[in-house]
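Got the model open in your viewer? Keep the selection box handy, and we'll go from stop to stop.

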Amino acid sequence: MKITAITVRVVNAEMRNWVFVKVETDEPGLFGWGEATLEWKTRAVVGAVEDLAPLLIGRDPRDIEQAYRAMTKQSFWRLGAIGMSAVSGIEMALWDILGKHLGQPVWRLLGGKVRDRVFVYTHLGMGDMRAVYESDSDAALVERAREVVENGYRAFKAVFVPYTHYHAPLPQVDKVARMMEAMRKAVGDEIEIMVDFHGRPASAGAALAYIEALAPGRPMFVEEPVPPGDFQSLERLARQTGVPLATGERLIDASEFEALFATRAIDIVQPDLCHCGGFLQAKRVAARAEALGIGVAPHNPLGPIAGVAALHFAVSTPNHVIQEEMVGAVPWYFDVVQGPIRMVDGYWQVPEAPGLGIVVDEAECAKHPYAQEVLHTQNAVMADGTIVDW
């Protein structure tokens with residue numbers, strides 16, 4: 001069996017352009033799909049897939065480890081987020097091919113089932129990106145939190161820590177405290193709430209002020225309280241708070257995860273299967289985390305193929321805690337990709353179809369061609385004009 005072609009389908013979903021990767025083989029009808037979505041880097045990722053393809057044409061798609069090494073070793077330059085997203089999408093597609101070839105779901109090839117269902121959470125607004133990033137009042141947060149619970153979710157994540165820089169002004173800290181209190185009162189103690197800082201605080205002191213404000217609401221975890229890679233600040237936060245800390249979505253290389261783990265500062269690691277190299281690398285991150293007593297909650301606000309990949313990963317990963325999903329990102333989410341995602345009582349069910357178990361409707365994909373994504377990042381400006389982390 002040989003790889004004969006690697007192509008890309010771009011599907012615009014407003015906030016993001018989903019990047020679907022198709023790997024074809026010389027066996028009639030046997031091909032695989034993966035996802036390489038990377039926000040605001042769509043054309044660069046498509047180009048990276050095209051650059052990597054010649055390294056794999058003619059290889060056996062079942063030799064996944066060897067294909068990964070070819071893409072990462074024979075590229076000479078380190079690939080970074082753009083190149084590794086391309087690698088990840090291709091690698092996922094190879095697992096889809098292998099599963100179809102063997103007649104088994106991908107989770108079984110990754111070690112088999114370790115749970116009977118997968119705990120999931122969504123964002124306020126059911127994944128609508130404007131609701132996710134523009135819910136900045138008590139009333140809006142409470143309304144959208146109740147909507148999530150009414151739709152069967154038992155957990156959700158909110159983004160309402162303000163653009164901050166190095167100092168957390170007291171009025172903003174008090175506002176964050178009021179918002180968390182209002183949400184907790186609205187949904188009760190049975191619902192898990194996570195708060196995404198988005199790496200907005202530029203110092204540990206600013207982050208700690210917001211964490212202390214949130215603590216009475218007992219968040220499941222706070223995510224990216226400081227910018228990615230600032231491991232010293234994470235260590236400081238871990239010493240000063242009992243609120244669980246999570247990070248990892250913007251880490252790419254194994255060495256970055258190893259440096260993070262060396263701090264022992266986090267309770268939850270959040271690799272993204274679409275950026276960190278695909279299934280094999282994410283499993284290695286999870287195994288290392290398990291050895292250190294750290295749970296895994298993969299980052300996944302992306303498209304439907306990424307969602308299905310996350311499902312297979314979760315079914316087969318012992319220290320998996322909860323799965324982010326974005327099924328409500330657009331109303332036609334399940335039109336472009338028909339697959340096994342099915343939620344019952346806040347949990348995804350275990351898929352049984354071979355491979356990833358998806359069917360990509362390329363005609364539907366073509367109805368949503370590439371377009372400029374919404375640039376929410378342009379809002380990350382302080383009152384004095386200073387550009388800060390989004």
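What follows is a walk through the chain ends, some helices, a loop and the cores.

Some housekeeping first: this is a predicted model, where local features need pLDDT of at least 70 and side-chain atom pairs count only at pLDDT 80 or more, while totals for chains, interfaces and linings use all residues. Numbering starts from 1 along each chain as its sequence is written, and side-chain values use heavy atoms, with hydrogens and water left out.

**Stop 1: Lys 2.** Select Lys 2, in the segment before β1 (3–13); helices (H or I, at least four residues) and strands (E, at least two) are DSSP runs, numbered from the N terminus. Is Lys 2 buried or exposed? Neither: Lys 2 is partly exposed, at 45% relative accessible area. The scale here is buried under 20%, exposed over 50% and partly exposed in between, with a 1.4 Å probe and protein chains only. Leaving out residues up to four places away in sequence, Lys 2 touches Glu 24, Thr 25, Asp 26, Gly 58, Arg 59 and Pro 61, where contact means heavy atoms within 4.5 Å. Now add Phe 257: C-alpha to C-alpha, Lys 2 and Phe 257 sit 33 Å apart, with their positions 255 residues apart in sequence.

**Stop 2: Ile 387.** Jump to Ile 387, in the segment after α14 (362–366). Ile 387 counts as exposed because its relative accessibility is 70%. Its contacts, again not counting residues up to four places away in sequence, are Ala 380 and Val 381. Show His 165 as well: it is 222 residues from Ile 387 in sequence, but the C-alpha atoms are 8.8 Å apart.

**Stop 3: helix α7.** Select residues 170–187. How far apart are the end C-alpha atoms of α7? They are 26 Å apart, in agreement with the 26 Å expected for 18 residues at 1.5 Å a residue; the expected span is 1.5 Å times one less than the number of residues. Color the buried residues of α7, including Val 173, Met 179, Met 183 and Arg 184. The buried residues pack against α6 (138–150), β5 (155–158), β6 (192–196) and α8. Just past the helix, check Gly 188, with a positive phi of about 80°.

**Stop 4: α8 against α9.** Select 204–214 and 231–240: the axes of α8 and α9 come within 10 Å and cross at roughly 35°. Axes are lines fitted to C-alpha atoms, for helices over the stretch in contact, and angles run from 0 to 180 degrees between N-to-C directions. On the α8 side, pick Ala 204, Gly 205, Ala 207, Leu 208 and Ile 211; they meet Ser 233, Arg 236, Leu 237 and Gln 240 in α9.

**Stop 5: helix α11 and a loop.** Residues 279–291 form α11, whose 13 residues reach 18 Å from first C-alpha to last, close to the 18 Å expected. Among its buried residues are Phe 279, Gln 281 and Lys 283. After α11 comes Gly 293, with a positive phi near 75°. Move on to Asn 300, in the loop between β10 (295–296) and α12 (304–315). Asn 300 counts as buried because its relative accessibility is 3%.

**Stop 6: the cores.** Finish with Phe 160, Val 269 and Phe 279, which touch the most other members of the 119-residue largest nonpolar core. A nonpolar core is a set of buried Ala, Val, Leu, Ile, Met, Phe, Trp, Tyr and Cys residues joined through side-chain atoms within 4.5 Å. Helix α3 (residues 80–102) gives this core its largest share, ten residues.
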